[in-house]
Structures are given as C-alpha cells and as structure tokens.
Amino acid sequence: MKMFSVAHKTVFVVDHCPYMAESSRQQVECDVLTKSRAQGVIPLAPVSKSLWTCAVECSMEYCRILYDVYPKDKLVFISRVEMKTFALKQVNYIVSDSEFHILNSWRRGDQSTHELMSALAAVGPPNPREDPECCSILHGLVAAVESLCKITELQHEKRTALMDTAERVANRGRIICLTNAKSDTHVRMLEDCIQETILDQNKLAAGSDRLMGIQQCELVLVHIYPQGEDTLVSDRPKKEISPLLTSEVHSVRAGRHLASKLNILVQQHFDLASTTITNIPMKEEQHANTSANYDVELLHHRDAHLEFFKSGCFFPPLPGDLHMAGTSTRENNFKETVTLKWCTPRTNNIELHYCTGAYRISPTDVNSRPSSCLTNFLLNGRSVLLEQPRKSGSKVISHMLSSHGGEIFLHVLNSNRSTLEDPPSISEGCGGRVTDYRITDFGEFMRENRLTPVAESSHDPSGKVPVERAKAQLERYTRYWPMIISQTTIFNMQAVVPLANLIVKETLTEEDVLTCQKTVYNLVDMERKNDPLPISTVGSRGKGPKRDEQYRIMWNELETLVKTHAGATDRHQRVLDCIIACRSKPPEEEERKKRGRKREDREDRAEKNGSKEMEDKSWQDSERLKGLLEKGEQDAEVIKDSPDSPEPLNKKPRLMVDEVQPPERAKGPVSLLSLWTNRITAANSRKHQEFVGRVSSVNNKFELYQHLKEENGMDVHENGKASR
C-alpha cells in the first residue's frame, strides 16, 4: 500500500435527513428471560432500529476495525448532513449557510472511536417531523471534498522534510456515503456534483499553501433501504467517472446485511484478511464444570497469510493435505476466511519462536462472549499457538497470538525451511520423493533458451521486440515437455531426437521436413523389426507392457508432440500427416501384428509354466526308471520259480546300483521324502558287502542250517520245506 494512497484519507458522509428515521424493519428481541418470567407478565414487544442507527453502528464498526489494525497514519473524517446550518470543528463552532456538521478533524488526537461516539451522541437522531425537501446529501458531499483538500499532519511532515520535492507528496482519498437514494438518476447527479466540486477545489488549492489538490478520489455510495422493500438503486462495480474520480454503488438492506457489507468493504479498502480460530475451549456459564468449543473471527493485515499465497494453499489441495488451506466462505460467498486450529497454550512465554511478521488484530464481533474471553486471555500475558488443520500427518504450527504493550498481535511463525539451512535436494520438491527428473535434458533446455544482449542496430523482419521473440520461443519449447523420465518414451529414444529438435522451430525448411519424415520411417522400421523401446517399468509388476502396447504408447506421445506445433506452418502439418499415415497400417501388417501378439502370449505362457513342466518331467523320469526296474524284477522271478531252472549259483554280489532292489511302487505321486530316502539307501548299499542270506533268499525268505539237512539226506525245496 502506497504511503499516500486513497486509504490515507476516508470521509464518511452519513445522511441525517428525516427519511433516515424510518424503521429498518429488522426486529430485535428484548424479552430474553422467557423461562424465568412469572405468570401474568406480558412479554416485551420486539423493537427495530432506524436506518440512521444502522448506518451509525456499521460506520463505527468500520472505524473501530480501522483504528485497531492501523492505530496511526490512517485518518477518518466523519460528516453528517441535516437541515441546520452550523459547523463544528472540535471546540470551534462556525455558523454558516452550509447544511452540514463536521464532527472531527484530521488531527491525530481526534482519531478515536470515543471522540466520534461523543460527537454523534451530541447530534442525536434525525427528526422525522422535519420537511425532507429542505435537506440534501449534496451538502455533506461538498464538505467531504473540501475536507480531502485539507492537509493532514503526516502530509505536512513529509512536505516539510522533502522541501524541494514537496510535489511528490500525493493527495488521494475516499468518500463513503451512507444514504437512501431515490433512483439511479439521483446517483448520477451526486457523482456529477462531486466531479464539479473536485475541479473547483483544485483551482482553489493551486493558489493556497494550506490546501492540496485532489489527485484521486474514490466514491463508495451505499444505498440503504428497509427490509421487505424493493430497492430503487441497482448495484454497480467500480467505474471511472474521470481521471480524478471513480465511483461504485452498493444497494444493501439495513441491519445485518449492511454490517456484513461494510465489514467486507473495510477488508477491501485496507488490505485486510480474515482468520477464524476454531476449537477454542471455553467453560459454559450454566455448567462451570463443562466446556464447549467456540470459533472467533479476527481481522488483520493480509500479509499474515503471505506464506499461504506463496505456497498456493488457497487453491484446492491434494487428498491428505490442508482442508482448503483452512479456507471457508461466509456471507453468501462474499468473504473468505482462513481457519486455524487452537493449540493448548504454554504455561510460560520464555520460549522464543522464529517469527517472520507480527500484525495487529481486531475481532469481527467484538461484543460476543467468545471474542471477549479470548481477548482477556491474551491480555493477561498468555500466548496461543495456532496450527493448520490437516486430515493426516503431523500438525504444522503456522501462527501465534500474543499481546505486547496492551495490543494483541498475530505472529507469523516460520513453518518452512529456514534460509540458514542447506538447500533442499531435488527429491524434496513439490513432486515429493521423485528422483527420475530429466535433469540433463533440462540443462540442454536452459542452454537453448539463454537470453543474450541484442544490438540496437539489429532489426527483426517480423517486427517483434526481442523480448517478445524470447517469450514466444520459450512458449514453443514448453508446450510439451515432460519433467520425469518415467512419464515419457520418445524423449528417451535417440532415434526421435532429430524430430524433437526440429518440430519446435518457428518455421521449417524442406530439408527439415525430410529429416522429420526420415525419423518417422526409422520408427516404422523399428516397429517392423520388433526392436525394444525404453519403456519405464516403475510402479508396475512383471515385465511391463507388451511390445505392441509399447509402440502404441510411443506413437501416441509422438503424435501429441507434433500436434502441439502442427498449426504453426503447413510444413509442420506435413510432419503430422506423415505420422498419421504411418500409423494407419495395411491389413497384412495388422495380421503380422496379430501373429506376433499370439507368439508373445505363447512365450509368456511357456515361461510361466516352465518351472511346472520341468518338475513334471523330473517326476515322469523317476516313474519311468522305477517301471523298468520293476519289470526286470518280475522277469527274474519267473525264471527263478520255474521247476526246470537250475539252482542259482551263490556268487559274490556286485556292488552296483542296478543290483539294489527298488522300493515298491507307491500308489499316487511320490513324495520328496521318499525320493531322498531311496537315494540315501542306494548310496549306502554301495559302501558294504550285501548279506549272503538276503542275496540268495526266495521271496525274502532264507532257510537256515541247510548243511545239517544235506548231511541227513533231506531235500530242500525252494519254498523252504524239506521232503524225503
């Protein structure tokens, strides 16, 4: 805000004509003791305020907020229009034919709500019995323009300090007129009157040392009408009447609507912002042992939310982040507030916090019990930390409320990285822990778009200024430029580099078009050969997309890149047409692609079932080996059990694995334990000489003491039974 902007001087012109004594028709209940009323007592009837009372109360709230936030250098000048013809400047009374009262001056001693309320009490309400034709709001508007031409103490100090450059001190101001206008034509008449008065007063100020000409004046006309009536004046946004005067019109119903409108205007006029403190614990009056949570809205300078604006938290966030940065909208989407959550205050104030700013605050509803309790709590020397409401994650302490010298300040705490720390790594940026940025490509991008001094003699045939040409080139280079390696395919391929470098040019030559077409044909040849592409598999399972899908992604991205530049020239369009033509493949090419996809599906199924097939093959080999061994065993038994076969010779068994009897064939699949046991048994059988009885046994039976029976002349059958 400039030192002598229109906010330096504010003149309130409040209509004091008889029609302002009309009721606002907003009822105020006076009978609040409904439960304890004795029987037979008639309840009090509700009352309603007049338009004058509503205008005075709302204008005083405007001044109170202004004095709380800006205790110095912001001056308010109150004027009221009525029928009588005398002027008041503090102690000096001037009787004149001008129908207005001046209730205070630009002196700093007069700038307080106490002085204004005392002056307004002396004026009293408008007299409804007076003739309304004898008064006009024009007298107050003329006096307001004259007051703007008067020099304030601050302007005088600056003019005296500068001396030789006194003309640098500007004189700007704002007039806020609260009245009940008759129509839009009446409003235009008031604007014309103010414009003529400014011109006349500037002529007088040019020949006076005690006056200053008005360089800029803002007129804010607020039309007040009772509840339940239709307005005769339409709203109008700010409009420039002349280089010296701008005007805006607000048509507002009296009562709470007028209070809300002036609350919004004071924020707009003096760069204020709203903060709502939520979850404030307060004990109930009826139940001292219980507490409830309340909200208190505070107004302060907008710079207290500067970090929110820088970080973009006032925009819609990502899931899990701030709840609209704690912003909410009130009063039918006219006013925004930032919501901060109450933290349990500390018992001592010894701890120092790293503050980046401190701003005075003013409660919006100063007379409410929550606002009063919060104010008294802070004035008693306590401090309250405020955190940003989050759905998840750790809390972030961003502000602190504390009092200094009887004034309450909103302190902005540094919740970001300190400038004294090391600079953050690239993985700590707004993208989170992303590490695959195209850092090398970005370095090349910066080298290609460096700014260099341009000689004044150089002339561009297109007639563009060098800075405009630089902006245009930067815009072309950034139309499609992925920041992460995993989000692009064509920028990771060396084969696409010639086309990517040429397509961003403002104009293309025939040679450039041929180079781009050659690049496209090379990509078609790569697809025909089924060459692999540098597709990123980050975040995906398995081998990633299939080869056909990879080329589809590549062609889509290439077409997106060229489409962003196709409208530059006809040659750019020819490159796009070449890509589209190459993507529309003939039927035989599609058939070949289909066969390739089937072959890849078979390879995937074979790889997936490879381990299972190897396992089945091993089981089949073991079963076939056992079958051969069992077949040989059965043949040997048939020969041995034949009655004509000779007695087998008792030979020394050979220590070979083939001589070992295989285990009986198990019904069903063989377990791993059985295979391992058979293998160990076969290995151990090679390490010792087999027992003679086991080798020459019949059906696993061997007759003992055969030599004794042979000496007695007894025959021994194969089954072990003797005969004579």
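The legends below describe close-up views of a predicted model.

**Figure 1. Overview of the chain.** The predicted chain is built from 18 helices and 22 strands. Of its 724 residues, 37% are buried. Contacts between residues at least 6 apart in sequence are joined in 71% of cases by residues at least 24 apart.

**Figure 2. The largest nonpolar core.** This core holds 36 residues. Y62, L178, V222, I224, L258, F270 and L272 have the most contacts inside it. At least two residues each come from the strands β1 (9–15), β8 (172–179) and β9 (216–225) and from the helices α1 (51–69), α2 (113–123) and α6 (256–269). Helix α1 gives the most, with 13 residues.

**Figure 3. Surroundings of Y62.** Y62 is among the residues with the most contacts inside the largest nonpolar core. Leaving aside residues up to four places away in sequence, Y62 touches T10, F12 and I176, together with L262, L265, V266, H269 and F270. A second core, separate from the one around Y62, has 31 residues, including I490, A500, L561 and V562.

**Figure 4. Packing of helices α13 and α14.** Helix α13 spans residues 547–563 and helix α14 spans residues 570–583. Their axes lie 10 Å apart and form an angle of about 160°. Angles over 145 degrees count as roughly antiparallel, and α13 and α14 are therefore roughly antiparallel to each other. The crossing of α13 past α14 is left-handed. On the α13 side, the contact is made by R552, W555, N556, L558, E559, V562 and K563. On the α14 side, H572, V575, L576, I579, I580 and R583 take part. By class, seven residues of this contact are nonpolar, two are polar and four are charged.

**Figure 5. Packing of helices α12 and α14.** The axes of α12 and α14 are 10 Å apart, at an angle of about 15°. Angles under 35 degrees count as roughly parallel, so α12 and α14 are roughly parallel to each other. The two helices cross in a right-handed sense. Helix α12 contributes E510, V513, C516, Q517, V520, Y521 and V524 to the contact. Helix α14 contributes R571, R574, V575, C578, I579 and C582. Nine of the contact residues are nonpolar, one is polar and three are charged. V575 and I579 of α14 appear in this contact and also in the contact with α13.

**Figure 6. Backbone at D271.** Most residues other than glycine have a negative phi. D271 is not a glycine, yet its phi is positive, at about 55°. This residue sits in the loop between α6 and β12, a strand that covers residues 272–283. With a relative accessible area of 28%, D271 is partly exposed. F270 and L272 are among the residues with the most contacts inside the largest nonpolar core.

**Figure 7. Backbone at N530.** N530 is likewise not a glycine and has a positive phi, of about 60°. The loop that holds N530 runs between α12 (510–529) and α13. N530 has a relative accessibility of 27% and counts as partly exposed. Both helices bordering this loop pack against α14, α12 at an angle of about 15° and α13 at an angle of about 160°.

Methods
Residues numbered from 1 in each chain as written. Predicted model: local features only at pLDDT ≥ 70, side-chain atom pairs only at ≥ 80, totals over all residues. Heavy atoms only, no water. Axes fitted to C-alpha atoms, helices over the stretch in contact; angles between N-to-C directions. Helix = DSSP H or I, 4+ residues; strand = E, 2+ residues; numbered from the N terminus. Parallel < 35°, antiparallel > 145°, perpendicular 65-115°, else oblique. Left-handed = near helix turned anticlockwise from the far one by under 90°. Contact = heavy atoms within 4.5 Å. Nonpolar A, V, L, I, M, F, W, Y, C, P; charged D, E, K, R; others polar. Core = buried A, V, L, I, M, F, W, Y, C linked by side-chain atoms within 4.5 Å. Buried < 20%, exposed > 50% of the residue type's maximum accessible area, 1.4 Å probe, protein only.
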